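This report walks through the pockets, a metal site and the sheet of one protein. Have the coordinates open while reading.

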Amino acid sequence: MLRGENISFYYVKDKAFIENLNINIPKGKITTILGPNGSGKSTLLSILSTYNKPYKGEVYIEDKNLNNLKSKEIARLIATVHQHNESPADLDVETLVSYGRVPHKKHCEKDDENESIINWAISSTNLDDIREKKVMSLSGGQRQRAFIAMALAQKTDVLLLDEPTTYLDIYHQIGILELVKKLNEEHGITIIMVLHDINQAIKYSHNIVVMKDGKIIQEGQPGDIINEKTIKTVYNVEGVICNINEEEMYFVPTKAC
Ligand SMILES: Nc1ncnc2c1ncn2[C@@H]1O[C@H](COP(=O)(O)OP(=O)(O)OP(=O)(O)O)[C@@H](O)[C@H]1O
Ligand SMILES: [Mg+2]
């Protein structure tokens with residue numbers, strides 16, 4: 001559904017970081033990108049969201065080449081929460097979340113539909129008690145949830161989340177991952193997220209993409225691709241996979257090599 005075809009991208013001119021990469025994200029599924037620091041997860045997400053433009057290759061959603069769409073049209077199709085997020089000093093949470101309505105033409109009107117979407121985004125991310133606070137006065141995890149709420153308010157079919165749980169305590173990590181699951185199951189939203197926690201990736205993903213050095217080195221269902229060998233190759237960490245039953249498993253690291 002969301003496809004990158006023959007993507008080549010560099011940060012430093014003439015030094016390609018990503019070369020001829022192809023990716024096809026399945027519609028209506030949760031896909032997680034795993035890989036070590038610096039492997040290119042955020043870069044790939046930024047290319048799929050059109051935040052960064054590759055010097056070669058195209059990104060498609062269904063049959064639409066995103067290169068041919070205006071940014072407002074893209075924002076009605078894809079919402080993105082980046083790894084690092086800033087907001088103006090005087091902006092409160094509710095106003096930030098309301099910006100998610102900007103791509104939809106009547107965002108300025110305080111109509112019932114806009115209000116109910118904003119309220120839904122705020123309550124889904126547990127922000128009701130702090131909706132009037134300034135975004136920049138929030139803790140890292142609260143701020144992360146405010147930006148996720150803004151993305152939810154965009155009401156897109158595709159949601160890209162770069163490390164949505166990194167700053168969150170364990171309660172809110174599970175809260176966000178359960179929300180991701182619910183958005184996928186109940187609204188059919190296609191999710192692409194970056195996680196560092198292998199066990200959360202196994203539990204919450206239909207599909208996993210493993211990156212190393214700007215390349216996709218494995219892709220498939222968690223049970224088919226996550227094993228001791230892959231983890232050793234990618235992260236240089238030894239450990240064991242424990243199978244709870246046919247569907248559930250988890251990884252226990254034993255040694256960083
Ligand atoms: N704006 C930039 N300018 C120059 N180089 C960059 C820039 N952003 C990223 N890079 C480089 O590109 C490579 C991939 O970075 P990227 O942020 O995509 O990695 P990542 O897999 O998301 O890592 P992390 O797990 O630390 O978030 C790294 O070597 C990084 O230094
Ligand atoms: Mg990153």
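About 420 Å³ of space lies in the second largest pocket. The model is predicted, not experimental. Lining this pocket are 20 residues; nearest its centre lie A75, I78, T80, H82 and Q154. Three elements, α2 (71-75), β6 and α5 (140-153), each supply at least two lining residues. Of these, α2 gives the most, with four residues. By class, the lining of this second largest pocket holds eleven nonpolar, eight polar and one charged residues.

The largest pocket has a volume of about 680 Å³. Its lining counts 22 residues, and I202, K203, S205, P222 and E247 are the closest to the centre. Two or more lining residues come from each of α6 (170-187), α7 (198-204), α8 (222-225) and β12 (249-256). Here the classes divide into seven nonpolar, eight polar and seven charged residues.

The table sets the two pockets side by side.

| Pocket | Volume | Lining by class |
|---|---|---|
| Largest pocket | about 680 Å³ | seven nonpolar, eight polar, seven charged |
| Second largest pocket | about 420 Å³ | eleven nonpolar, eight polar, one charged |

**Metal site**

Which protein atoms act as donors to the magnesium ion (ligand 2)? They are OG of S42 and OE1 of Q83, at 2.0 to 2.2 Å from the ion. The two donors come from distant parts of the chain, 41 residues apart. S42 sits in helix α1 (residues 41-48), while Q83 belongs to the loop between β6 (78-81) and α3 (93-98).

Are these donors buried, exposed or partly exposed? S42 has 27% relative accessibility, so it counts as partly exposed. Q83 has 24% relative accessibility, so Q83 also counts as partly exposed.

Helix α1, the home of S42, is mostly covered, with seven of its eight residues buried. The buried set is K41, T43, L44, L45, S46, I47 and L48. After α1 comes T50, which has a positive phi near 70 degrees.

**The sheet**

Six strands form an open sheet with mixed pairing. Their order is β6-β7-β8-β3-β9-β10. At the edges stand β6 and β10, each of which pairs on one side only. On average, neighbouring strands of this sheet are turned by 15 degrees against each other, direction ignored. Edge strand β6 also helps to line the second largest pocket, supplying at least two residues.

Parallel pairing appears between β7 (residues 158-162) and β8 (residues 190-194). Five bridges join these two strands. In one of the pairings, L159 has I191 of β8 as its bridge partner.

Antiparallel pairing appears between β9 (residues 207-212) and β10 (residues 215-220), again over five bridges. V210 has Q218 of β10 as its bridge partner. The two strands form a hairpin with two residues between them. Where does the backbone take a positive phi in this hairpin? At D213, with a value near 50 degrees.

Note on methods
Residues are numbered from 1 along each chain as its sequence is written. Chains are lettered from A and ligands numbered from 1 in the order in which they are written. This is a predicted model: local features need pLDDT of at least 70, side-chain atom pairs count only at pLDDT 80 or more; totals for chains, interfaces and linings use all residues. Side-chain values use heavy atoms; hydrogens and water are left out. Donors are N, O and S atoms within 2.8 Å of the metal (3.2 Å for Na, K and Ca); water is not among the atoms, so sites may look incomplete. Buried means under 20% relative accessible area, exposed over 50%, partly exposed in between (1.4 Å probe, protein chains only). On a 1 Å grid over the protein atoms alone, a cavity is a set of points where a 1.4 Å probe fits but cannot get out, and a pocket is an open set with protein on both sides within 12 Å along at least five of seven lines; lining residues have an atom within 4 Å of a point. Grid points are joined across faces, edges and corners, and a volume is the space filled by probe spheres set on the points. Ala, Val, Leu, Ile, Met, Phe, Trp, Tyr, Cys and Pro count as nonpolar, Asp, Glu, Lys and Arg as charged, and the others, Gly among them, as polar. Two strands pair if DSSP finds at least two bridges between them. Axes are lines fitted to C-alpha atoms, for helices over the stretch in contact, and angles run from 0 to 180 degrees between N-to-C directions.
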